[in-house]
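User: Please take a close look at one part of this model and walk me through the contacts and pairings there. I would like the numbers kept with the residues they belong to.

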Amino acid sequence: KKEGVLDYLEKIKVSSRLLMNSINDVLDMAKIESGKMELHEESCSFGSLVEGIETVISPLCEQNGINFVLESDKRDECILVDKLRFQQVFLNLLSNAIKFTPEGGSIYFKCRSRQEGARLAVEAEVADSGMGMSEEFQKRMFEPFTQEERAESASVQGTGLGLAITKAILDKMGGTIQVDSHLGHGTRFVIQTGFPHVQKKKDAYTDMGGGTE
């Protein structure tokens, strides 16, 4: 009886999470279509952004029997960025990769940065060994509520808004996204963007003249 109740509660939890994700996607899309989506920028280290993404995705891959490979320089430089929106871009892409990659498959997340004057240029790659996308679907994959209907993906749940939201956020940030995908041979997204480089904030102790010479 106890195991049955726990199983029932787990199903409720999963269903609630899916419903909440769907609601958030619809609300985001409404903001985008009305032109009311804004970026709330703050000083944040590039390394902490990548670590936050890894913290969410790594256990999900483990649960699904997928090999997760992360390559990042995890630089300490601080940039002016909307942390939540930046991470949302990659969480959307990586979550999709998990949905469409079978057990035993692999997902790669590469995130590199380089100094370009007063900006930190970021180039990232999200690639998987999953089922891939048809050329026809790729022509409209960034349209809202669009999902590819195939027998292999019939059990995959989602709103069809993730890619549209990702593209809109990157457009707002002045970034680009490109895709290379083939049926049965996985998908690869390449993202390029950049952010103003800012100085790290001094801690209160240093500001008050503390510390030693």
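What follows is a request about one strand and its surroundings, and then a connected answer.

User: Take strand β5 (residues 119-128). Which strands does β5 pair with, in which sense and over how many bridges? Is β5 largely enclosed or open? Please also cover the salt bridges and the cysteines.

Analyst: The model is predicted, and every value below is computed from it.

Strand β5 spans residues 119-128, and 8 of its 10 residues are buried, so β5 is largely enclosed by the rest of the structure. β5 pairs with strand β4 (residues 106-116) in the antiparallel sense, over 10 bridges. β5 is also joined to strand β7 (residues 187-198) by 10 bridges, again running antiparallel.

Individual bridge partners can be named for both pairings. Cys-111 has Ala-124 of β5 as its bridge partner. For Val-126, the bridge partner in β7 is Phe-189. The hairpin of β4 and β5 has 2 residues between the strands, and Gly-117 there takes a positive phi near 65°. In a regular strand, side chains alternate between the two faces of the sheet.

The pairing of β5 with β7 is accompanied by a salt bridge. The side chains of Arg-188 and Glu-125 meet at 3.1 Å, N to O. Arg-188 belongs to β7 and Glu-125 to β5, so this salt bridge ties together parts that are 63 residues apart in sequence. The two ends are not equally covered: Glu-125 is buried, with a relative accessible area of 17%, while Arg-188 counts as partly exposed at 35%. The cut-off matters for Glu-125, because buried means under 20%.

On the β4 side, the chain of contacts leads on to strand β2 (residues 67-72), in which Ser-72 lies. Ser-72 is buried, with a relative accessible area of 18%. The side chain of Ser-72 reaches the backbone oxygen of Cys-111 at 3.3 Å; Cys-111 is the residue whose bridge partner in β5 is Ala-124. Leaving aside residues up to four places away in sequence, Ser-72 touches Phe-46, Val-50, Cys-111 and Arg-112.

Arg-112 also takes part in a salt bridge, with Glu-71, where the closest N and O atoms are 3.5 Å apart. That pair links distant parts of the chain, with Glu-71 in strand β2 and Arg-112 in strand β4, 41 residues apart. Glu-71 is partly exposed, with a relative accessible area of 33%, and Arg-112 is partly exposed as well, at 40%.

The structure holds 5 salt bridges, among them the two just described. Another one of them is formed by Lys-139 and Glu-136, with the closest N and O atoms 3.7 Å apart. Lys-139 counts as exposed, at 67% relative accessibility.

As for the cysteines, the structure holds 0 disulfides. Why does Cys-78 form no bond with Cys-44? The closest cysteine sulfur to that of Cys-78 is the one in Cys-44, and the distance of 7.2 Å is too far for a bond, because a disulfide requires sulfur atoms within 2.5 Å. Cys-78 is buried, with a relative accessible area of 10%. Cys-61 counts as buried too, at 0% relative accessibility.

To return to the strand you asked about, β5 has antiparallel partners in β4 and β7, and Glu-125 of β5 is held in a salt bridge with Arg-188.

Definitions and conventions
Residues are numbered from 1 along each chain as its sequence is written. This is a predicted model: local features need pLDDT of at least 70, side-chain atom pairs count only at pLDDT 80 or more; totals for chains, interfaces and linings use all residues. Side-chain values use heavy atoms; hydrogens and water are left out. Buried means under 20% relative accessible area, exposed over 50%, partly exposed in between (1.4 Å probe, protein chains only). Helices (H or I, at least four residues) and strands (E, at least two) are DSSP runs, numbered from the N terminus. A polar contact is a pair of N or O atoms within 3.5 Å; within protein, one must be able to donate a hydrogen and the other to accept it, and residues adjacent in sequence count only if both atoms are side-chain atoms. Contact means heavy atoms within 4.5 Å. Two strands pair if DSSP finds at least two bridges between them. A salt bridge is a side-chain nitrogen of Lys or Arg within 4 Å of a carboxyl oxygen of Asp or Glu.
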